[in-house]
Amino acid sequence: MPLNRLEGIFKRQWLDLSKQTMWDMVAVVDELVAQPILLQMHAELLQQLVLHADETPVTMRVEDGGGSRTGYVFGWRNLRESETSKVVIEFKETRGRDGPTSFLRDWSGTLIVDGYSGYGEVVAQNGIVRAGCWAHAR
């Protein structure tokens with residue numbers, strides 16, 4: 001729920017809890033809980049021999065009334081369709097090669113992706129086998 005809506009709900013309950021205070025609380029939870037979990041999930045995913053990746057454009061709001069622009073959600077997963085399936089979702093402000101390069105680091109294996117050239121640099125640097133996905137086989 002948006003923090004401004006929560007702020008209104010709390011005010012109706014006679015609790016003065018500002019958006020900034022709630023944002024500070026969210027930041028602490030992110031630092032202490034979410035980031036360590038995401039780092040572990042990332043490390044476990046990079047232990048896989050085959051990964052699938054795709055990026056999806058999303059509209060993101062620019063702060064201070066700056067309108068909106070396009071950001072990208074990168075989805076990374078292994079191939080298992082079972083209880084051992086591993087998935088990490090990562091938001092990036094651009095679709096550039098920095099996303100794949102920073103996520104994969106020194107990983108090598110088989111990467112199933114579409115024809116997007118942003119994966120090309122890390123594929124060449126790490127000796128990754130690039131495999132096409134069935135959705136783009138046409």
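**View 1. What helix α2 packs against in this predicted model.** The buried residues of α2 have plenty of company: they pack against α1 (3–12), β1 (50–61), β2 (68–77), β3 (87–92) and α3 (98–104). Which residues of α2 are we talking about? M22, H42 and L45 are buried in this helix. Follow α2 along residues 19–45 and you'll find that the helix isn't straight: at D30 it bends by about 45°.

**View 2. Zooming in on H42, a residue of helix α2.** Is H42 buried or exposed? With a relative accessibility of 8%, H42 counts as buried, because the cut-off for buried is under 20%. So who sits around H42, once we skip its neighbours within four places in sequence? H42 is in contact with V88, F103 and R105.

**View 3. Q48, in the loop between α2 and β1.** Being in a loop doesn't leave this one out in the open: Q48 has a relative accessible area of 15%, so it is buried. Leave out residues up to four places away in sequence, and Q48 touches N78, R80, K86 and W107. Take a good look at N78, since there's a polar contact here: the side chains of Q48 and N78 meet at 3.4 Å.

**View 4. The hairpin made by β1 and β2.** These two strands pair in the antiparallel sense, and 10 bridges hold the pairing on paper. For one spot to find by eye, try A53, which stands opposite W76 in β2. Between the two strands come 6 residues. In that turn, check out D64, which has a positive phi of about 60°.

**View 5. D54 in strand β1.** How much of D54 is accessible? Its relative accessibility is 33%, so D54 counts as partly exposed. Now compare the chain with the fold: D54 and G75 are 21 residues apart along the chain, yet their C-alpha atoms are separated by 5.4 Å. Not counting residues up to four places away in sequence, D54 touches V73, F74, G75, D114 and Y119.

**View 6. Strand β4, with partners β1 and β5.** How do β1 and β4 run? They are parallel, and 3 bridges join them. Two pairs to look for are L51 opposite L111 and H52 opposite I112. β4 also runs parallel to β5, with 4 bridges joining the two. That gives L111 a second role in this view: its bridge partner in β5 is R130, while L51 stands opposite L111 as well.

**View 7. From β4 to β5 by way of a helix.** Start at β4, go through helix α4 (residues 120–126), and carry on to β5: together they make a β-α-β unit. Which hand does this unit have? It's right-handed.

**View 8. How confident is the prediction?** The protein chain has a mean pLDDT of 89, and 94% of its residues reach 70 or more. Where is confidence highest and lowest? Strand β4 (residues 110–113) takes the highest spot, at 94, and strand β5 (residues 129–132) the lowest, at a mean of 90. A handy habit for any predicted model: where pLDDT is low, don't read the coordinates in detail.

How values were computed
Residues are numbered from 1 along each chain as its sequence is written. This is a predicted model: local features need pLDDT of at least 70, side-chain atom pairs count only at pLDDT 80 or more; totals for chains, interfaces and linings use all residues. Side-chain values use heavy atoms; hydrogens and water are left out. The bend at a residue is the angle between axes fitted to the seven residues ending there and the seven starting there. Buried means under 20% relative accessible area, exposed over 50%, partly exposed in between (1.4 Å probe, protein chains only). Contact means heavy atoms within 4.5 Å. pLDDT is the predictor's confidence in each residue, from 0 to 100. Two strands pair if DSSP finds at least two bridges between them. A crossover is right-handed if, with the strands pointing away from the viewer, the path from the first strand over the helix to the second runs clockwise. A polar contact is a pair of N or O atoms within 3.5 Å; within protein, one must be able to donate a hydrogen and the other to accept it, and residues adjacent in sequence count only if both atoms are side-chain atoms.
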